[in-house]
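Visitor: I should like to take a close look at one part of this protein chain, namely the aromatic residues and the strands that carry them. Would you please guide me through that part in a connected account?

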Amino acid sequence: LLIVILAVAYSGTSIIDDTTEGGFLASPSDSKPEIIPLIIDLENIEVLDVDDSVAYVEISFKITNPNYKSVLLEMIRYSVFEDGTKIGTKSIGDRGAPGGLVAASNYFTILNDRPSIIKDEFTIMNDGNIPEIWSALENDSANWRVTGFASYNLSSMTSGGENEVEFDFVR
């Protein structure tokens with residue numbers, strides 16, 4: 001019995017497949033688990049406060065996991081445009097270095113049975129060069145476009161490889 005356990009342990013072959021609903025035994029030919037891409041939706045983008053010099057905006061993403069197991073959302077990097085003018089680029093979370101190393105565990109566990117809402121805030125400074133945009137912010141009539149990508153893995157930082165899904169929303 002000990003010889004069988006040692007042979008399996010050192011063979012480099014996983015016998016447990018936790019990526020599919022019925023999977024207990026993994027086929028030796030399975031080199032990388034198949035991950036269904038996350039579904040990213042723009043839940044909301046809202047101007048919280050605006051005055052003559054600064055505007056505060058909140059953005060929220062709805063993340064849905066269609067996989068059987070939970071997924072670690074490492075990072076969402078997004079760019080915000082108003083009427084075609086780029087406002088800025090931000091990140092939520094922290095993408096792990098190759099091998100799964102991160103400075104801090106700033107990632108989100110996305111369960112398979114319910115969507116998660118991930119929120120962020122950003123500040124827009126009025127430098128006087130964009131009066132049309134500032135007027136749209138003040139009147140709550142901004143034409144938003146949000147583009148970017150989300151990086152994620154299976155239920156551990158090293159399982160399932162590096163995965164990305166891109167998005168492009170107009171609101």
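Guide: Read from its beginning to its end, the chain runs through the pattern α-β-β-β-β-β-β-α-β-β. That pattern comprises two helices and eight strands. The model is a predicted one. Of its 171 residues, 35% count as buried. Among contacts with a separation of 6 or more, 63% join residues that are 24 or more positions apart.

We may begin with strand S8, which covers residues 163–170. One face of S8 is covered and consists of Asn 163, Val 165, Phe 167 and Phe 169. The other face, with Glu 164, Glu 166, Asp 168 and Val 170, is uncovered. In general, the strands of a sheet pair through backbone hydrogen bonds, and the pairing is either parallel or antiparallel. For S8, the partner to consider is strand S7, residues 144–153, and the two pair in the antiparallel sense over eight bridges. One of the residues involved is Arg 145, whose bridge partner in S8 is Val 170. Arg 145 also lies over the face of Phe 81, at 5.7 Å from the ring centre.

Let us now turn to the rings. How many aromatic pairs are there? The count comes to three aromatic pairs. One of them is formed by Phe 61 and Phe 167, with 5.5 Å from centre to centre and 55° between the planes, and this pair is tilted. Phe 61 belongs to strand S2 (residues 54–64) and Phe 167 to strand S8, so the pair ties together parts that are 106 residues apart in sequence. Phe 61 counts as buried because its relative accessibility is 0%, where the limit for buried is under 20%. Phe 167 has a relative accessible area of 7%, and therefore it is buried. Phe 167 takes part in a further pair with Phe 169: the ring centres are 5.4 Å apart and the planes stand at 20°, so this pair is stacked. Phe 169, like Phe 167, is buried. Taken together, ring pairs link Phe 61, Tyr 78, Phe 167 and Phe 169 into a cluster.

Two of these cluster residues bring us to the nonpolar core. The largest nonpolar core has 34 residues, of which Phe 61, Ile 76 and Tyr 78 touch the most other members. At least two residues of this core come from each of S1 (39–50), S2, S3 (71–82), S6 (116–125), helix H2 (131–138), S7 and S8. Ile 76 gives a detailed picture of such surroundings. Residues up to four places away in sequence being left out, Ile 76 touches Phe 61, Ile 63, Lys 90, Ser 91, Ile 92, Ile 118, Phe 149, Ala 150 and Phe 167.

Ile 92, one of the residues on that list, is found in strand S4, residues 85–93. Its relative accessible area is 7%, and therefore Ile 92 is buried. Beyond its neighbours within four places in sequence, Ile 92 is in contact with residues including Phe 61, Ile 76, Tyr 78, Phe 108 and Ile 118. Between the C-alpha atoms of Ile 92 and Asn 106, which are 14 residues apart in sequence, the separation is 8.6 Å.

In strand S7 we may also inspect Thr 147. With a relative accessibility of 17%, Thr 147 counts as buried. Its contacts, apart from neighbours within four places in sequence, are Arg 77, Tyr 78, Ser 79, Phe 81, Phe 167 and Asp 168. Tyr 78 and Phe 167 in this list are also members of the ring cluster.

Finally, strand S2, which carries Phe 61, has a place in a sheet. S2 belongs to an open sheet of three strands in the order S1-S2-S6, with antiparallel pairing. S1 and S6 are the edge strands, as each pairs on one side only. On average, neighbouring strands of this sheet are turned by 20° against each other, direction ignored. The antiparallel pairing of S1 and S2 extends over 10 bridges, and Val 50 stands opposite Ala 55 in S2. Helix H2 packs on the sheet and touches S1, S2 and S6, with its direction at about 95° to that of S1.

Terms used. Residues numbered from 1 in each chain as written. Predicted model: local features only at pLDDT ≥ 70, side-chain atom pairs only at ≥ 80, totals over all residues. Heavy atoms only, no water. Buried < 20%, exposed > 50% of the residue type's maximum accessible area, 1.4 Å probe, protein only. Helix = DSSP H or I, 4+ residues; strand = E, 2+ residues; numbered from the N terminus. Pairing = 2+ DSSP bridges. Phe/Tyr/Trp six-rings, centres within 6.5 Å; stacked < 30°, edge-to-face > 60°. Lys NZ or Arg CZ within 6 Å of the ring centre and 35° of its normal. Core = buried A, V, L, I, M, F, W, Y, C linked by side-chain atoms within 4.5 Å. Contact = heavy atoms within 4.5 Å. Axes fitted to C-alpha atoms, helices over the stretch in contact; angles between N-to-C directions.
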